[in-house]
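Me: I am new to this structure and would be grateful for a close look at one buried position. Please begin there and follow its contacts outward, explaining what surrounds it and how the neighbouring parts are arranged.

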Amino acid sequence: MKNTAEFVELTKRGNKLAKRFARETSLCHYLSILEGNTRGKVYVNSASDPSFAAVYSYLYKGFQIMGSPIIGTDEYVALRMLFEKELIPKLLKNEHVGEVSYSCDTEALLENMHIAFFDKEQYEQEYCLYTHRPGSPMPAFEKTEYKTLRITKEFIENNAEFSLVLRDEILRSYASIDAFLKQGLGFAALDGERIIANLISSGSYEKSIVLGADTDSEYRCRKIAASLLRSAQCYADEHGLSLVWECNKDNIASVGTAEKCGLERRFTYPVRWFELK
């Protein structure tokens with residue numbers, strides 16, 4: 001453990017820590033970091049009895065603020081110093097991140113961050129969280145003409161494009177490709193041997209997996225992302241898994257993909273950020 005003002009960085013994580021902070025509104029990706037499945041950093045207000053956590057994602061390059069709200073002036077000072085003395089100069093700037101971006105599990109935690117950074121001009125975007133649970137209805141639609149395959153060890157070994165197109169993306173979330181194959185889930189769409197789209201998990205918590213999709217610009221609007229997501233739904237149903245899909249509320253394509261596949265919108269949440277000068 002490394003001390004940071006009155007906060008500590010936890011290097012040891014696991015299911016017990018994730019369960020301690022899990023709420024109905026907790027994002028699966030950050031719970032996966034707490035559980036040790038996904039790459040990130042965890043800072044808490046107490047090593048022995050933590051109640052407040054700032055969890056950093058190497059993939060999103062942002063934070064999830066979790067746990068119980070802080071109340072004392074000294075706690076606000078410690079939180080501000082955590083960011084100003086440690087996270088901004090030693091983490092964000094080293095990662096070439098030009099802003100502090102965060103979401104929060106509760107309104108009270110949002111208010112904590114607003115107070116701690118009262119002098120910063122903050123911006124906000126609304127995000128949607130969708131889920132697919134085993135056995136949920138799946139509306140029929142005409143799938144894409146392109147071949148879709150699950151990303152397995154065999155797929156990786158037999159596809160020459162994998163290292164060029166997907167390897168680095170996966171390693172932003174997972175410690176290794178083996179870790180991804182063990183804990184994650186992914187599908188790819190191919191035009192011949194070319195990978196033209198992918199659906200890759202960025203974390204898992206208990207029996208939930210969070211997914212994100214990307215399609216080459218020239219292949220968009222062809223139902224490829226929806227076809228990949230449908231493949232993931234069928235796989236999830238067979239293995240008793242739930243899927244999580246998060247997207248910007250204004251991302252019409254991503255919202256449309258979720259709704260085309262029959263995912264249930266659970267809630268919306270704000271992502272806030274302020275720029276670093």
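Reply: Met-66 lies in strand S5, which spans residues 62-67. The model is a predicted one, and the values below are computed from it. Because its relative accessible area is 0%, and a residue counts as buried under 20%, Met-66 is buried. Beyond its neighbours within four places in sequence, Met-66 is in contact with Phe-21, Ser-26, Tyr-30, Leu-31, Leu-34, Ser-51, Phe-52, Ala-53, Val-55, Asp-105 and Leu-109. One position from a distant part of the sequence can be placed relative to this strand residue: Ala-22 is 44 residues away from Met-66 along the chain, while their C-alpha atoms are 8.2 Å apart.

Among the partners of Met-66 are Tyr-30, Leu-31 and Leu-34, and these three belong to the buried residues of helix H2. Helix H2 covers residues 28-35, and eight of its eight residues are buried. Besides the three just named, the buried residues of H2 include Cys-28, His-29, Ser-32, Ile-33 and Glu-35. Just after the helix comes Gly-36, with a positive phi of about 95°.

Ser-32, within H2, leads from this helix to another region of the chain. Its relative accessibility is 0%, so Ser-32 counts as buried. Apart from residues up to four places away, or nearer, in sequence, Ser-32 touches Asn-37, Thr-38, Gly-203 and Ser-204. With Ser-204 there is a polar contact: a polar atom of the Ser-32 side chain lies 3.0 Å from the backbone nitrogen of Ser-204. Tyr-174 is 142 residues from Ser-32 in sequence, yet the C-alpha atoms of the two are 10 Å apart.

Leu-109, another partner of Met-66, directs attention to helix H4, which runs over residues 107-116. H4 packs with helix H3 (residues 73-92) at an angle of about 75°, and their axes are 10 Å apart. The two helices are therefore roughly perpendicular to each other. From H3, the residues Tyr-76, Leu-79, Arg-80 and Phe-83 meet Asn-112, Met-113, Ile-115 and Ala-116 of H4. By class, six residues of this contact are nonpolar, one is polar and one is charged.

The path through Ser-32 can be followed further. Its partners Gly-203 and Ser-204 fall within strand S10, residues 194-205, and the loop between S10 and strand S11 (208-215) holds Glu-206. Phi of Glu-206 is near 55°, a positive value in a residue that is not glycine. Most residues other than glycine have a negative phi. With a relative accessibility of 47%, Glu-206 counts as partly exposed. Cys-221, found in the loop between S11 and helix H9, has a positive phi as well, near 65°. Its relative accessible area is 86%, so Cys-221 is exposed.

Leu-241 continues the description on the other side of H9, in the loop between that helix and strand S12 (242-248). At a relative accessible area of 15%, Leu-241 is buried. Setting aside neighbours within four places in sequence, Leu-241 is in contact with His-132, Pro-134, Lys-207, Ile-209, Tyr-235 and Ala-236. In contrast to the short C-alpha separations given above, Leu-241 and Arg-172, 69 residues apart along the chain, have C-alpha atoms separated by 23 Å.

Helix H9 itself holds Ser-227, which counts as buried because its relative accessibility is 2%. The side chain of Ser-227 reaches the backbone oxygen of Lys-223 at 2.7 Å. Not counting residues up to four places away in sequence, Ser-227 touches Phe-141, Lys-143 and Thr-144.

H9 (residues 224-239) also packs with helix H10 (residues 252-260), at an angle of about 40° and with the axes 9 Å apart. The two are therefore oblique to each other, and their crossing is right-handed. Ala-225, Ala-226, Leu-229 and Arg-230 of H9 make the contact with Thr-257, Ala-258 and Lys-260 of H10. This set comprises four nonpolar, one polar and two charged residues.

To return to the starting point, Met-66 is buried, and its contacts include residues from H2.

Definitions and conventions: Residues numbered from 1 in each chain as written. Predicted model: local features only at pLDDT ≥ 70, side-chain atom pairs only at ≥ 80, totals over all residues. Heavy atoms only, no water. Axes fitted to C-alpha atoms, helices over the stretch in contact; angles between N-to-C directions. Helix = DSSP H or I, 4+ residues; strand = E, 2+ residues; numbered from the N terminus. Parallel < 35°, antiparallel > 145°, perpendicular 65-115°, else oblique. Left-handed = near helix turned anticlockwise from the far one by under 90°. Contact = heavy atoms within 4.5 Å. Nonpolar A, V, L, I, M, F, W, Y, C, P; charged D, E, K, R; others polar. Buried < 20%, exposed > 50% of the residue type's maximum accessible area, 1.4 Å probe, protein only. Polar contact = N/O pair within 3.5 Å; in protein donor to acceptor, adjacent residues only side chain to side chain.
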